[in-house]
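Here is a short note to read with the structure open beside you. The points are numbered so that each can be checked in turn.

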Amino acid sequence: MSLHEAIYNCRAMRRLDTREVPESLLLELIEAANQAPSGSNAQMARWIVVRDPAVKKQLADLNRKGVESYVGPQQPMEGELSPHDRIVKSVYWQMEHMHELPALIVACLDYGEKVEGDAIYRKANSIWPAIQNLLLTARALGLGAAPTTLALRDQEAARKVLNLPETFIGACLIPVGYPLGKFGPVTRRPVEEIMRFDRWS
Ligand SMILES: Cc1cc2nc3c(=O)[nH]c(=O)nc-3n(C[C@H](O)[C@H](O)[C@H](O)COP(=O)(O)O)c2cc1C
């Protein structure tokens with residue numbers, strides 16, 4: 001698959017099979033993530049690939065809390081759904097099945113010292129190029145993946161579940177597995193709408 005094809009067809013794939021993903025492929029994802037740039041090449045990204053059912057269950061419980069506080073408790077959704085409702089439906093599917101998915105990859109940052117407040121956000125951006133490398137590589141390998149953050153809203157709880165040192169922040173949880181849904185092109189605003197040359201107007 002070309003890089004172009006991966007970029008244009010890298011949907012958030014939430015519906016995943018329970019089939020195990022070979023460890024070699026999981027390592028390939030982390031290798032690709034590890035090639036990403038970071039501010040001052042500080043390389044603060046740290047990765048936990050969670051396969052233990054007990055740990056997955058605890059992360060799934062945290063995700064449920066995050067989803068329910070953000071989107072509200074699950075409602076029956078039938079008939080013609082709007083694009084937003086389709087996302088919400090797949091978020092609920094993921095919420096119900098997260099504990100069964102083959103691997104939950106948690107992208108963390110190690111600040112080297114305990115951090116709080118604004119100091120967290122100043123350096124946290126450096127994790128996202130790595131996450132995108134991981135997502136594109138998953139797509140190229142035929143694996144489904146989706147970046148999520150709701151499970152990590154309660155950092156203290158996530159830290160306990162994952163046994164993270166106090167210098168770590170959990171930034172993103174990415175369930176990975178073989179897709180149940182179909183891969184396809186992403187839907188985005190047209191470039192004419194989101195870009196101007198030189199000045200905005
Ligand atoms: C910073 C960030 C946080 C996200 N958090 C969540 C999340 O907590 N749960 C979730 O299901 N998806 C989450 N997503 C995935 C987005 O909902 C998804 O990328 C977006 O709807 C576009 O989907 P598409 O690429 O399939 O078109 C997140 C994406 C980003 C970039």
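1. Helix H6, residues 127–140, lies across strands S1, S2, S3 and S4. The helix runs at about 10° to S4. Keep in mind that this is a predicted model, and that the angles and distances below are computed from that model.

2. The sheet under discussion is open and has four strands, in the order S1-S2-S4-S3, with antiparallel pairing. Strand S1 (45–50) and S3 stand at the edges, each with a single partner strand, so one side of each has no neighbour in the sheet. As a reminder, strands of a sheet pair through backbone hydrogen bonds, and the pairing is either parallel or antiparallel.

3. Take the pairs one by one, beginning with S1 and S2. Six bridges join S1 to S2, and these strands run antiparallel. Two positions can be found by eye: Ala-45 stands opposite Leu-109 in S2, and Arg-46 has Cys-108 in S2 as its bridge partner.

4. The next pair is S2 and S4. Strand S2 covers residues 103–110 and is joined to S4 by eight bridges, again in the antiparallel sense. Ile-105 stands opposite Ile-174 in S4, which is a convenient place to check the register on screen.

5. The last pair is S3 and S4. Strand S3 is made up of residues 144–145 and pairs with S4 over two bridges, antiparallel. Gly-144 has Gly-177 in S4 as its bridge partner.

6. How many residues of strand S4 are buried? Ten of its ten residues, 168–177, are buried, and the strand is mostly covered. Strand S2 is mostly covered too, with seven of its eight residues buried. For the protein chain as a whole, buried residues make up 30% of the 201 residues.

7. The protein chain has eight helices and four strands. Read from the N terminus, the elements run α-α-β-α-α-β-α-α-β-α-β-α. Comparing this string with the strand order S1-S2-S4-S3 in the sheet is a useful exercise.

8. On overall dimensions, the C-alpha trace of the protein chain spans about 50 × 50 × 35 Å along its principal axes. Its radius of gyration is 17 Å, which agrees with the value near 17 Å for a compact globule of 201 residues. Of the contacts in the protein chain with a separation of 6 or more, 84% are between residues 24 or more positions apart.

9. Two residues in the loop between helix H2 (23–33) and S1 deserve a look, and Ser-40 is one of them. Ser-40 has a positive phi of about 55° although it is not a glycine. Is Ser-40 buried or exposed? Ser-40 is exposed, because 8 other C-beta atoms lie within 10 Å, and the cut-off for exposed is 12 or fewer.

10. Gln-43 also lies in the loop between H2 and S1. Gln-43 is not a glycine either, and its phi is positive, about 50°. Gln-43 has 14 C-beta neighbours inside 10 Å and so counts as partly exposed; that class lies between the limit of 12 or fewer for exposed and 20 or more for buried.

11. Val-67 lies in helix H3, residues 53–70. Val-67 counts as buried because it has 23 C-beta neighbours inside 10 Å. Which residues is Val-67 in contact with, leaving aside its neighbours within four places in sequence? The contacts are Val-91, Met-95 and Leu-150. Val-67 and Arg-159 are 92 residues apart in sequence and 18 Å apart in space, C-alpha to C-alpha.

12. Finally, the ligand. It is surrounded by 13 residues, and the closest are Arg-11, Ala-12, Thr-148, Thr-149 and Leu-150. Leu-150 has already appeared above as a contact of Val-67. By class, the shell around the ligand holds seven nonpolar, four polar and two charged residues.

Technical notes
Residues numbered from 1 in each chain as written. Predicted model: local features only at pLDDT ≥ 70, side-chain atom pairs only at ≥ 80, totals over all residues. Pairing = 2+ DSSP bridges. Rg over C-alpha atoms; globule rule 2.2 N^0.38 Å. Contact = placed C-beta atoms within 7 Å. Near = placed C-beta within 6 Å. Nonpolar A, V, L, I, M, F, W, Y, C, P; charged D, E, K, R; others polar. Axes fitted to C-alpha atoms, helices over the stretch in contact; angles between N-to-C directions.
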